[in-house]
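Q: I would like a close look at a single part of this model, followed by an account of its surroundings. Please keep the description plain.

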Amino acid sequence: MPSKVKPRLSRGLLDMKFMQRTKAKVAKEEDDEQSRAMYSNEMNQKMLNSNSNFIIEPSYTICAGLIDGRLSFRGMNPELERLMELEQAEKQGNTKPEQPKEVNDQEMAEIYYANQAPAASRTMNKKFVTKNEYKRKSNDNPKWQKKGQFKKPREDDEV
């Protein structure tokens, strides 16, 4: 019984310029295959299918709540002190104060619903009117009534 061997691309083909993405993908697959073979007895199916729930940080200063390593005191390094003040302000949220409002939210909502909501509801109602309702409305409105059609005279009506 033949084993399931995946055909591999030659090294010369993978070195060509247009095959660089494929080359990277093949190299990654080979690394994954080697690591699976190395740790096959320690890894189970659940470990292989799970996603990572960890965030990797390059430094532990964030975890410990430490400040940056560069410090300046009493104007010795004004550029650094300015950067530290900006960072501090950003952390505290002391950016620009909110501008005062001329119209509060409640008044804005009342004005909007007084002007816009009735028009919007009428247009939406027009969309969902059925044929029967449309005919009823048109019968109520004399402008849209049908004209009378010509009727043939009966045979027994002779002049």
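Which residues form a nonpolar patch on the surface, and about how much accessible area do they have together?

A: The model is a predicted one. In it, the nonpolar surface patch consists of Leu71, Phe73 and Met84, and together these residues have about 300 Å² of accessible area. Phenylalanine 73 sits in a loop, with helix H4 (61-64) on one side in sequence and helix H5 (78-92) on the other. Phenylalanine 73 counts as exposed because its relative accessibility is 60%, and the cut-off for that class is over 50%.

The patch belongs to a protein with 8 helices and 0 strands. Along the sequence, the pattern reads α-α-α-α-α-α-α-α. The protein has 159 residues, of which 4% count as buried. Its exposed area comes to about 17200 Å², and 54% of that area is supplied by carbon and sulfur atoms.

Apart from the patch, the second largest pocket can be described in some detail. This pocket holds about 270 Å³ of space. Helix H2 (residues 20-38) gives the most to its lining, with 6 residues. The full lining is made up of Lys6, Pro7, Arg8, Leu9, Leu14, Thr22, Lys25, Val26, Glu29, Glu30 and Glu33. Sorted by class, the lining of the second largest pocket has 6 charged, 4 nonpolar and 1 polar residues.

Next come the salt bridges, of which a search of the whole structure finds 2. One of them joins the side chains of lysine 23 and aspartate 15, with an N to O distance of 2.9 Å. Lysine 23 is classed as partly exposed because its relative accessibility is 30%. Aspartate 15 has a relative accessible area of 39%, so this residue is partly exposed as well.

Another salt bridge links lysine 28 with aspartate 32, and here the closest N and O atoms are 3.8 Å apart. That separation falls within the 4 Å limit, so the pair qualifies as a salt bridge. Lysine 28 and aspartate 32 are 4 residues apart in helix H2, so about one helical turn separates them. With 56% relative accessibility, lysine 28 counts as exposed, whereas aspartate 32, at a relative accessible area of 30%, is partly exposed.

To return to the part asked about: the patch is formed by Leu71, Phe73 and Met84, and phenylalanine 73 is a loop residue between helix H4 and helix H5.

Definitions and conventions:
Residues are numbered from 1 along each chain as its sequence is written. This is a predicted model: local features need pLDDT of at least 70, side-chain atom pairs count only at pLDDT 80 or more; totals for chains, interfaces and linings use all residues. Side-chain values use heavy atoms; hydrogens and water are left out. Patches are made of residues with over 30% relative accessible area and no salt bridge: like charges are joined within 9 Å, nonpolar side chains (Val, Leu, Ile, Met, Phe, Trp, Tyr) within 5 Å. Accessible areas come from the Shrake-Rupley method with a 1.4 Å probe; for residues, only the protein chains shown count as cover. Helices (H or I, at least four residues) and strands (E, at least two) are DSSP runs, numbered from the N terminus. Buried means under 20% relative accessible area, exposed over 50%, partly exposed in between (1.4 Å probe, protein chains only). On a 1 Å grid over the protein atoms alone, a cavity is a set of points where a 1.4 Å probe fits but cannot get out, and a pocket is an open set with protein on both sides within 12 Å along at least five of seven lines; lining residues have an atom within 4 Å of a point. Grid points are joined across faces, edges and corners, and a volume is the space filled by probe spheres set on the points. Ala, Val, Leu, Ile, Met, Phe, Trp, Tyr, Cys and Pro count as nonpolar, Asp, Glu, Lys and Arg as charged, and the others, Gly among them, as polar.
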